Amino acid sequence: MSLPSSSREPAGAADDDYLERRKLRRGSAGWLLLTGLGVAYVVSGDYSGWNFGLAEGGFGGLAIAMVLMGAMYTCMVFALAELSSILPTAGGGYGFARRALGPWGGFLTGTAILIEYVLAPAAISIFIGDYVESLGLFGLESGWPVYLACFVLFIGIHLWGVGEALRFSFVVTGIAVAALVVFALGALPEFDASSLDDIPVDSSAFGASSWLPMGLLGIWAAFPFGMWFFLGVEGVPLAAEETRDPARTLPRAIRWSMGILVVLAVVTFVAAAGARGSAAVQDAGNPLVEALQPDGEATTLSRIVNYAGLAGLVASFFSLIYAGSRQLFALSRAGYLPKFLSLTSRRRAPYLGLLVPGAIGFALAAGTGNGARMLNIAVFGATISYALMSLSHIVLRRREPDLPRPYRTPGGVLTSSVALVLACAALVATFLVDVTAAFIALAVYVVALAYFGLYSRGHLVAKAPEEEFAALAAAEAELSRD
């Protein structure tokens, strides 16, 4: 890897050299690789995590939560497809909110996305360690050496180049998806519909039944776990500046990713709960393996799925590192965060945007070992960003109806309004699941907002693509008033 000779940058620099030293490798990905990226963000959620929602709402509660969260993501990605065709920059959600809601809205959205994409890889590295230990790979135990190896190895691939990184992610994701199909086929002979609602009913809960053993409130409490089937797919637009023909490629990749994820979610959820019973898999660290081992004895199929689960975790870990680095890169390039974080190497990789979040993620994983809490913090940040991105779509449709839109969201503002309402409901639900995680995320938010309000708000870079888009919109609005 070859790095720039100096990382020092004069304050407020915004000449051509400033952007030249912060350039990504364009044209590295087509729609197929980006579709793989969208699935890679999420696929680990099919292997673990979602099943804890059974303990919150039972099969019926989690099923309704999954449908509602699936509707939220579907509506949101259609809105993001339109926004990414208008503003194809590495800023993704931050860039959309910057155009629609101003600097404060952009920073609020970008910070929420960063919380998600820094915390989620840290949590997944812990889960990878647990899988490595359970599989007995090389006699390793879950701990900081495994976490460190994950960050060093996979960040190294990203530093090599974005094209190589996306191809690696595509291959590993393909293995994980193929294994989900194999799992479903293997679980089908054991499927028993009567096993779906075998969780004991809490008779004191309002509206409780065998399908809703924790009552109606259990549906709401299961929202964050219904999200795990789709969490991260919104990161596809972050690849905009490294994509061929982004105005056409990004909407197509986003739609295909979501379609694949919906099918995988339904098949995985129903097959796992029906093969072994909701009660048996609700607390399992590897629910798919548990569903294939009714007597607790490993089979050839359960071992295959177990190894594939590790591949799914690697795919999500790897792709989330990519997403976090691009969001940090965009915020730094525009001056919202320290500008040196957006410097790129000669291979056009934002090396500090990869190394700094990686170091933070490793420190959190090694220092806490609490993957579940970090994922809950990540979900909190995600729901805030979803609400703000959906609101951005509504605002731009109202404020700039004549803006050229190569792709238009089916249903228009009605679609993004549904996403907004459901995102707000999911945000409140995070307090029902882990109030400590929610308040930790809020504390991080307060610190970030203080930094922006007291310092970086006055040091934004006018030549950054997201700022140029916003300035152009302001100029056009001024002309129209004249």
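**Reading helices and buried residues in a predicted model**

Modeller: Four helices, α5 (93–135), α6 (144–160), α13 (300–333) and α15 (371–399), pack against the buried residues of α14. Residues are numbered from 1 along each chain as its sequence is written, and side-chain values use heavy atoms, without hydrogens and water. This is a predicted model, in which local features need pLDDT of at least 70 and side-chain atom pairs count only at pLDDT 80 or more, while totals for chains, interfaces and linings use all residues.

Colleague: Which residues of α14 are buried?

Modeller: Buried means under 20% relative accessible area, exposed over 50%, and partly exposed in between (1.4 Å probe, protein chains only). In α14 the buried residues are Tyr-351, Leu-352, Gly-353, Leu-354, Pro-357, Gly-358, Gly-361 and Ala-365.

Colleague: What span does α14 reach from its first C-alpha to its last?

Modeller: A helix is a DSSP run of H or I with at least four residues, numbered from the N terminus, and its expected span is 1.5 Å times one less than its number of residues. Helix α14 (residues 351–368) has 18 residues and reaches 26 Å, close to the 26 Å expected.

Colleague: How many ångströms does α5 span between its end C-alpha atoms?

Modeller: Helix α5 spans only 38 Å, whereas a straight helix of 43 residues would span 63 Å. At Leu-101, shortly before the proline Pro-103, α5 has a kink of about 150 degrees; the bend is the angle between axes fitted to the seven residues ending there and the seven starting there. Of the 43 residues of α5, 35 are buried, so this helix is largely enclosed by the rest of the structure.

Colleague: Where is Arg-348, and what is its phi?

Modeller: Most residues other than glycine have a negative phi. Arg-348 is not a glycine, yet its phi is positive, about 65 degrees. Arg-348 lies in the loop between α13 and α14 and is partly exposed, with a relative accessible area of 24%. Positive phi also appears at glycines: Gly-369, which follows α14, is near 65 degrees, and Gly-136, just after α5, is at about 70 degrees.

Colleague: Which residues does Asp-46 touch?

Modeller: Contact means heavy atoms within 4.5 Å. Not counting residues up to four places away in sequence, Asp-46 touches Leu-180, Phe-229, Leu-264, Ala-265, Thr-268 and Leu-288. Asp-46 belongs to helix α3 (residues 44–47).

Colleague: Is Thr-243 buried or exposed?

Modeller: Thr-243 is buried, with a relative accessible area of 6%. Thr-243 sits in the loop between α9 (223–227) and α10 (246–276), and its side chain reaches the backbone oxygen of Ala-239 at 2.6 Å.

Definitions and conventions: Helix = DSSP H or I, 4+ residues; strand = E, 2+ residues; numbered from the N terminus. Polar contact = N/O pair within 3.5 Å; in protein donor to acceptor, adjacent residues only side chain to side chain.
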